[in-house]
Amino acid sequence: MAVDIVTFGCRLNAFEAEVIRSKAEGAGLTDTIVINSCAVTNEAVAQARQSIRKLKRERPSARIVVTGCAAQTQSAMFAGMTEVDRVVGNDDKMRGEAWRAARDAFDLGASEKIAVSDIMAIREMAPHLIDGYASGMPRVFVQVQNGCDHRCTFCIIPYGRGNSRSVPMGAVVDQVRALVGRGHAEIVLTGVDLTSYGTDLPGAPKLGLLTKQILRHVPELKRLRISSIDSIEADSDLLDAIADDTRLMPHLHLSLQSGDDMILKRMKRRHSRQDAIAFCDQVRRLRPDIVFGADIIAGFPTETEAMFSRSLDLVEECGLTFLHVFPYSPRPGTPAAKMPQVAGGAIKERAKRLRAAGEAGLRQRLSAETGATRNVLIESSGQGRTEHYLPVAVAGERVGNVVPVTITGDDGERLTT
């Protein structure tokens, strides 16, 4: 039996899952389940543990290997689970030797489970061109950055990913060109802290220059998309590319986290509420049809109802269409875990209100699309997405094609034609 990957968390984990599969199968592992874990919330860790127990009951003969951010930060906890055979570090998982070592350990019946290196000692990042993407798969990811140099008080991820490191521009352009040559219509640039791209490279090129280089040197690329960014670090080249090249999709997901200045300071964020609003206004002037998504945390320690209301208001003031709401959960080892906590019931109630505001924003955007003609990337039989990442019900088109479609309405969740 092959290597099966169960992935939790972000798009970067989804990209890395394909690398893991290639490396693990290349090392000769069989009948193995790899849990690629997430550490962003307590719930994500709990879900990984529940999945491990469930999978072991269903496939008692399979070996279970845990990797990812939670494996890096809580390796002993996972190693203490009787269902787990091996814990592989978050950088180690991208290396063939780690999976060969796992195979050898299984063959020899070794008792040591933990194979986790010091993530903070990692200084360079190798490019990983995935061969496992199916030819013609509409949208694929290219990892250009990993790790984070910032230390937001709520976030455990730097300790699971290490410090910021980047793939050289030439290697990224080569990857994009190769993927486009295989028939992939849309490339998504992904990383942990994308707007810190290049700080570790010679000359410190920024994300905007990388974006321009891709668009310039891969003219056959149909669509380029950027995943989550920190708006305060967006550079002038990135804004130029948004304004000038229609192949760069008019959709940005922003790491905002809160709409209250005091909470932003306690989070150790680098922007203010007004910075967020001004950025959205500036980009709308450059690209009037831009769509914004955002991450917002509900119930950060010390958050009062008045503070929360400013986050709620930010949804409308920034015109947010896609909202990712995170009910705050304390992560051991982070400064925020030691701050005065908000009651669990209040956190849940605030998260519910935020989600409702996000759903209202999405419905409003869907309704505004009626009568528009959009270029839709066909993702599967019966569905595609517009340039703005809005889902569209569309039939009779070949998967992977980008086709012009006139929007006739919506059903509250996706556009109709």
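This note goes through several parts of a predicted model, point by point.

1. A good place to begin is strand β12, which spans residues 291-298. Eight of the eight residues of β12 are buried, so the strand is largely enclosed by the rest of the structure. The covering applies to both faces, since V291, G293, D295 and I297 are buried on one side, while F292, A294, I296 and A298 are buried on the other.

2. The neighbours of β12 in the pairing pattern come next. Strands in a sheet pair through backbone hydrogen bonds, and they may do so in either a parallel or an antiparallel way. Strand β11, residues 251-257, runs parallel to β12 and is joined to it by six bridges; within this pair, L254 stands opposite A294 of β12. With β13, strand β12 pairs over seven bridges, again in the parallel sense, and here G293 stands opposite F322 of β13. To get from β12 to β13 the chain passes through α12, and this β-α-β crossover is right-handed.

3. The same part of the chain also helps to form a pocket. Which elements each supply at least two residues of the lining of the second largest pocket? They are β12, α12 (305-317), β13 (320-327) and α13 (344-368), and the largest share, six residues, comes from α13. The volume of this second largest pocket is about 320 Å³. Among the 17 residues that line it, those closest to its centre are V315, G319, L320, G361 and Q364. Sorted by class, the lining of the second largest pocket holds nine nonpolar residues, together with four polar and four charged ones.

4. A separate point concerns an open sheet of three strands, in which the order is β6-β9-β10 and the pairing is parallel. Why is one side of β6 and one side of β10 left without a neighbour in the sheet? Both β6 (139-143) and β10 (223-226) stand at the edges, and each has a single partner strand, so no strand of the sheet lies on the remaining side of either. From one strand to the next, the twist averages 25°. Looking at one pair in more detail, β6 and β9 (residues 186-190) are parallel and share five bridges, with V142 standing opposite L189 of β9.

5. Strand β14, residues 373-380, offers a case of antiparallel pairing, as it pairs in that sense with β17 (residues 402-406) over five bridges. It is also joined by three bridges to β15 (residues 383-385), and these two strands likewise run antiparallel. The residue L377 is a useful one to follow, because it appears in both pairs: L377 stands opposite V402 in β17, and the bridge partner of L377 in β15 is R385. Between the strands of the β14 and β15 hairpin there are two residues, and G382 in this hairpin takes a positive phi near 100°.

6. Finally, consider Q282, whose place is in helix α11, residues 273-286. Is Q282 buried or partly exposed? Its relative accessibility is 31%, so Q282 counts as partly exposed, given that buried would require under 20% and exposed over 50%. The C-alpha atoms of Q282 and G344 are separated by 37 Å, and these two residues are 62 residues apart along the chain.

Methods:
Residues numbered from 1 in each chain as written. Predicted model: local features only at pLDDT ≥ 70, side-chain atom pairs only at ≥ 80, totals over all residues. Heavy atoms only, no water. 1 Å grid on protein atoms, 1.4 Å probe; cavity = no way out; pocket = protein on both sides within 12 Å on 5 of 7 lines; lining within 4 Å. Points joined across faces, edges and corners; volume = space filled by probe spheres on them. Helix = DSSP H or I, 4+ residues; strand = E, 2+ residues; numbered from the N terminus. Nonpolar A, V, L, I, M, F, W, Y, C, P; charged D, E, K, R; others polar. Buried < 20%, exposed > 50% of the residue type's maximum accessible area, 1.4 Å probe, protein only. Pairing = 2+ DSSP bridges. Right-handed = clockwise from strand over helix to strand, strands pointing away. Axes fitted to C-alpha atoms, helices over the stretch in contact; angles between N-to-C directions.
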